[in-house]
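This report describes selected local features of one protein model. Please consult the sequence and the structure shown below while reading.

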Amino acid sequence: KTDMHAAIKNFWLNLLFLLLIALFSSATFAAKGYIEIESFQLKKADENFYIAVQADIGLSKAMKQALRKGVDLYFVTRLLVTKPRWYWLDEEVARGKERTELSYQALTRQYRLLQNGQSQNFSTLKAALYALGHQPDLLIKEHTPLRPDIPYTAVLQIWLDVSRLSKPFQLEWLDTQDWNLSSEKKVWQTTFPPAAETTSESDDH
């Protein structure tokens, strides 16, 4: 009976320990900021290729404070499409790239996203980050025509462009991880036109 009580006690202590680790890891993850690409889909419309991207984005405490003080944040979503060359490095044949500005308007107490000259206003940062992470039609510009008989490699990534920050914040980025915000690269093999399917998981390199 004593052994059983000890085993039960150890079980609950271990469970509590694991829960505390999970909570601590989650809090640390959120405090530093994060970008998680949740899904993406290549598609064709009107003779052009596009990629739809869904990502979960969170800002670090330092980023939130800077944003509220009037510092604009610039995010880049980029897709590179390459084809292999046996005699040299892979050749980039197409690219999709979008730069989005996130700012806070103190007078209206709203957050604003600016992309391709079009702006959207949001009452909360959560809503603005949700819209930032959901890009339904990022145009893929072809350097050379994409052919259906060639296997291509696609690389997708989203990051905060620290080069657009003012010099004091760029110097701070060199000294701390608070401004290091980037998703892992999503790398996969594809053809054009792509198969009509949504990818939620892929190999990271």
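How many bridges join β5 to β6? Five bridges join these two strands, which run antiparallel. Two strands count as paired if DSSP finds at least two bridges between them. Helices (H or I, at least four residues) and strands (E, at least two) are DSSP runs, numbered from the N terminus.

The model is predicted: local features need pLDDT of at least 70, side-chain atom pairs count only at pLDDT 80 or more, and totals for chains, interfaces and linings use all residues. Residues are numbered from 1 along each chain as its sequence is written, and side-chain values use heavy atoms, with hydrogens and water left out.

**Hairpins**

β5 and β6 form a hairpin with two residues between them. Q115 has Q118 in β6 as its bridge partner. β4 and β5 also pair in the antiparallel sense, over five bridges, and form a hairpin with four residues between them. Here the bridge partner of S103 is R112 in β5.

**Backbone conformations**

Most residues other than glycine have a negative phi, and most peptide bonds are trans. The table lists residues with a positive phi.

| Residue | Phi | Place |
|---|---|---|
| E47 | near 70° | loop between β1 (34-45) and β2 (48-58) |
| N116 | near 55° | loop between β5 (110-115) and β6 (118-122) |
| R109 | about 55° | turn of the hairpin of β4 and β5 |
| G70 | about 105° | just after α2 |

E47 is exposed, with a relative accessible area of 63%, and N116 is exposed as well, at 60%. Exposed means over 50% relative accessible area, buried under 20%, and partly exposed in between (1.4 Å probe, protein chains only).

The peptide bond from F192 to P193 is cis, with omega near 0°. P193 lies in the loop between β9 (186-190) and β10 (203-204).

**Helix α2 and a surface patch**

In helix α2 (residues 61-68), the buried residues are A62, M63, A66 and L67. They lie on the same side of α2, because they cover an arc of only 135° around the axis. The arc is that of the directions from the helix axis to the C-beta atoms.

W86, Y87, W88 and L89 make a nonpolar surface patch of about 670 Å². Such patches consist of residues with over 30% relative accessible area and no salt bridge (a side-chain nitrogen of Lys or Arg within 4 Å of a carboxyl oxygen of Asp or Glu); nonpolar side chains (Val, Leu, Ile, Met, Phe, Trp, Tyr) are joined within 5 Å, and like charges within 9 Å. Accessible areas come from the Shrake-Rupley method with a 1.4 Å probe; for residues, only the protein chains shown count as cover. Y87 is found in the loop between β3 (73-83) and β4 (91-105) and is exposed, with a relative accessible area of 52%.
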